[in-house]
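Reader: I have a model open and would like to go through it with you piece by piece. Could you start wherever you think the picture builds up best?

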Amino acid sequence: MTYTVGNYILDRLAELGVDKVFGVPGDFNLFFLDDVLAHEKLDWVGNANELNAGYAADGYARVKGLGALVTTYGVGELSAINATAGSYAENVPVIHIVGAPGLSAQNSHLRMHHTLGDGDFKHFMRMAAEVSAATAAIHPATAASDIDRVLRSAVIHRKPGYLMLPVDVSTMPATPPSEPLNVDVRISAPDIEQAFREAATEFLRSKKVTVLADIMVERLGAVDEVRNLVRDTSFPFASLMWGKAVLDETEPNFAGIYVGGLSAEPTRKVVEDAEALICAGVEFTDTTTGIYSHTIDFGRVINISAEDTSIAGRHFAPLTMSRSLEILREISLELALSGTDFTAPSGEVALPAIDDATLTQDALWKVLSSNLDAKNTVVVDMGTSFFGMATQKFPQDSRFIGMPLWGSIGYSIPALLGAAMADMDSRGVLMVGDGSAQLTIQEIGTIIREKINPVIFLINNDGYTIERSIHGVEAEYNDITTYDWSKIPAAFGGTDQNTVTLRATTVREFNEACRVARETRDKLIFVEVVTAPMDMPELLLNFGAQAAALNKKK
């Protein structure tokens with residue numbers, strides 16, 4: 001059997017840890033999909049549409065480290081570009097493989113279907129370049145080098161990569177890889193390490209320290225190093241919402257979720273009043289800072305980013321995040337540094353009475369978080385779900401996946417599919433509002449077909465509550481079509497054998513639904529949770545007020 005360019009792409013993906021390929025078939029990618037089906041280390045996951053496939057590949061990549069997406073040219077890839085743009089914004093490496101018209105058609109500038117009819121076949125690759133670390137139009141003579149270049153760039157920079165694969169090129173002969181693809185190119189220069197060590201020692205001497213961590217710690221593979229730092233020093237540490245659950249929230253020195261001026265007061269003080277603040281992988285965005293309400297003196301900050309590390313604005317590079325954290329741990333122990341004064345919240349959060357009272361958002365999130373297990377992968381959509389869960393304490397070894405920077409509603413259902421398939425030992429738990437769900441609800445069919453058996457909480461609050469919190473409480477544009485949510489699972493393949501469908505309007509009914517979900521792991525649990533349209537988590541209420549004020553500024 002002839003080894004082909006398509007085989008080469010798939011072997012490289014498998015080598016980098018990918019075992020699921022998401023997407024939608026189209027006439028320009030079918031030969032390549034034959035290779036996917038035949039590959040012994042890869043499984044094909046067909047999605048309801050290309051946007052959903054892109055979200056699924058994103059969710060998968062957040063767990064696995066790399067994802068793969070296949071669409072057809074033009075109509076397919078443009079449907080997915082919203083998802084790949086989100087992956088670009090949030091530093092998630094997804095390889096987007098686009099089956100394209102053959103080279104002869106391209107060279108003849110034919111007016112073909114799925115094109116703009118002008119004979120230019122590079123329109124869409126130019127669009128993709130804006131949301132990709134690297135792109136390539138694959139040609140036989142340079143196929144291997146271009147494929148390797150795009151994959152290496154995507155993994156190193158934690159951004160999507162784009163491969164335009166003409167239908168005839170995918171079946172052309174190729175030579176298998178002769179050695180593994182080198183994607184470990186982050187380096188620290190010894191002289192820079194020494195300069196950083198000396199400067200950090202003087203900066204930290206006699207100071208009390210707080211650690212603030214965010215999502216780039218995870219993206220750049222430095223989780224163990226920051227965990228070692230806060231464990232061995234006992235420095236108080238906080239996370240931003242984007243990086244929630246990257247660190248162990250059950251540790252006694254966990255100081256909470258930092259949301260700028262919207263933070264709980266003990267959390268705000270331990271971050272903003274620290275004599276020295278170590279920021280590890282922190283990205284300050286409007287969503288995660290309560291609309292830029294953070295007040296941090298960067299003259300007191302050691303900032304460890306993807307590209308370099310700085311001390312009060314003085315930059316050190318090349319210096320990897322992992323090495324910076326290791327050096328700071330060593331210095332802190334050598335100097336016997338203390339953490340910023342901090343009193344951890346005492347006791348557990350008081351749960352609401354389990355009675356027949358109408359279910360409120362406050363009760364919903366407290367009861368739900370109390371029912372989470374270790375090894376849960378929690379996926380939330382932007383809205384009440386994201387803001388409701390962000391401030392709840394999570395068990396050890398759990399994940400929190402949201403999209404606060406790109407903020408595309410509808411993301412969570414297909415992202416849950418991808419994340420759950422990336423780690424079948426961790427049960428998926430999804431919270432999605434009714435407005436967000438209507439965008440991508442058809443992916444429940446794929447979830448049922450793939451038998452991943454998550455728990456889905458559909459928050460039925462009659463419209464776009466996050467938008468109502470900002471503007472237009474009773475405006476028609478924040479209303480949505482009313483669905484009979486109880487029939488949704490059955491419409492997408494749910495049966496008594498594979499699905500349990502429940503509805504909760506009271507605290508008691510919701511607590512019982514959580515019990516059923518904990519005890520029933522061999523079926524999809526779909527729970528419609530009913531709350532009032534303007535009932536929302538306190539954090540979202542305050543965020544909405546901040547956003548409204550910002551939007552009114554002239």
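**Talking through the model**

Author: Let us begin with a loop: in this predicted model, Ala245 is found in the loop between β8 (237-239) and β9 (254-257).

Reader: What is the phi of Ala245?

Author: The phi of Ala245 is near 75°, a positive value in a residue other than glycine. Most residues other than glycine have a negative phi. Ala245 also counts as buried, because its relative accessibility is 13%, and the cut-off for buried is under 20%.

Reader: Which residue that is not a glycine has a positive phi of about 60°?

Author: That is Asn91, which is found in the loop between α4 and β4. With a relative accessibility of 11%, Asn91 counts as buried.

Reader: And where is the peptide bond that is cis?

Author: The bond from Ala317 to Pro318 is cis, with omega near 0°, and Pro318 has its place in the loop between β13 (314-316) and α12.

Reader: Moving to the sheet, in what order do the 6 strands come?

Author: The order is β2-β1-β3-β4-β6-β5, in an open sheet with parallel pairing. Because β2 (43-46) and β5 (134-137) each have a single partner strand, they stand at the edges, and one side of each is left without a neighbour in the sheet. On average, and with direction ignored, neighbouring strands of this sheet are turned by 20° against each other.

Reader: How many bridges join β3 to β4?

Author: There are 6 bridges between β3 and β4, which run parallel, and Thr72 stands opposite Gly99 in β4.

Reader: Which helices lie across those strands?

Author: Helix α3 (residues 50-64) lies across β1 (20-23), β3 and β4, and runs at about 165° to β3. Helix α4 (residues 75-89) lies across β3, β4 and β6, running at about 155° to β3.

Reader: Let me zoom in on strand β4: is His96 buried or exposed?

Author: His96, which lies in β4 (residues 94-100), counts as buried because its relative accessibility is 4%. Not counting residues up to four places away in sequence, His96 touches Leu69, Thr71, Glu77, Ala80, Thr84, Gly161, Tyr162 and Leu163.

Reader: Now for helix α1, how many of its residues are buried?

Author: Helix α1 (residues 5-15) is mostly covered, with 9 of its 11 residues buried, among them Val5, Tyr8, Ile9, Leu10 and Leu13. What covers the buried residues of α1 includes α2 (30-38), β3 (67-72), β4, α7 (143-157) and β6 (161-166). Gly17, whose phi is positive and near 100°, follows α1.

Reader: What does Glu15 form a salt bridge with?

Author: Its partner is Arg12, and the closest N and O atoms are 2.8 Å apart. Because the two are 3 residues apart in helix α1, about one helical turn separates Glu15 from Arg12. Glu15 is partly exposed, with a relative accessible area of 35%, whereas Arg12 counts as buried at 4% relative accessibility.

Reader: How many salt bridges does the structure hold, and which pair links strand β1 to strand β2?

Author: The structure holds 32 salt bridges. One of them joins Lys20 to Asp43, the closest N and O atoms being 3.5 Å apart. That pair links distant parts of the chain, with Lys20 in strand β1, Asp43 in strand β2 and the two positions 23 residues apart. Lys20 is buried, with a relative accessible area of 12%, while Asp43 is partly exposed at 42%. Both belong to a network of salt bridges that links Asp19, Lys20, Asp43 and Lys64.

Reader: And what do the side chains of Arg197 and Glu330 do?

Author: They meet in a salt bridge of 2.8 Å, N to O. Arg197 lies in helix α8 (residues 190-204) and Glu330 in helix α12 (residues 321-334), so the pair ties together parts that are 133 residues apart in sequence.

Reader: Last topic: which residues have the most contacts inside the largest nonpolar core?

Author: They are Phe457 and Phe510, in a core of 83 residues. Leaving aside its neighbours within four places in sequence, Phe510 is in contact with Leu359, Leu364, Val367, Leu368, Phe457, Ala504 and Val529. A second, separate core has 71 residues, including Leu13, Ala57, Met403 and Ala419.

Technical notes: Residues numbered from 1 in each chain as written. Predicted model: local features only at pLDDT ≥ 70, side-chain atom pairs only at ≥ 80, totals over all residues. Heavy atoms only, no water. Helix = DSSP H or I, 4+ residues; strand = E, 2+ residues; numbered from the N terminus. Buried < 20%, exposed > 50% of the residue type's maximum accessible area, 1.4 Å probe, protein only. Contact = heavy atoms within 4.5 Å. Core = buried A, V, L, I, M, F, W, Y, C linked by side-chain atoms within 4.5 Å. Pairing = 2+ DSSP bridges. Axes fitted to C-alpha atoms, helices over the stretch in contact; angles between N-to-C directions. Salt bridge = Lys/Arg side-chain N within 4 Å of Asp/Glu carboxyl O.
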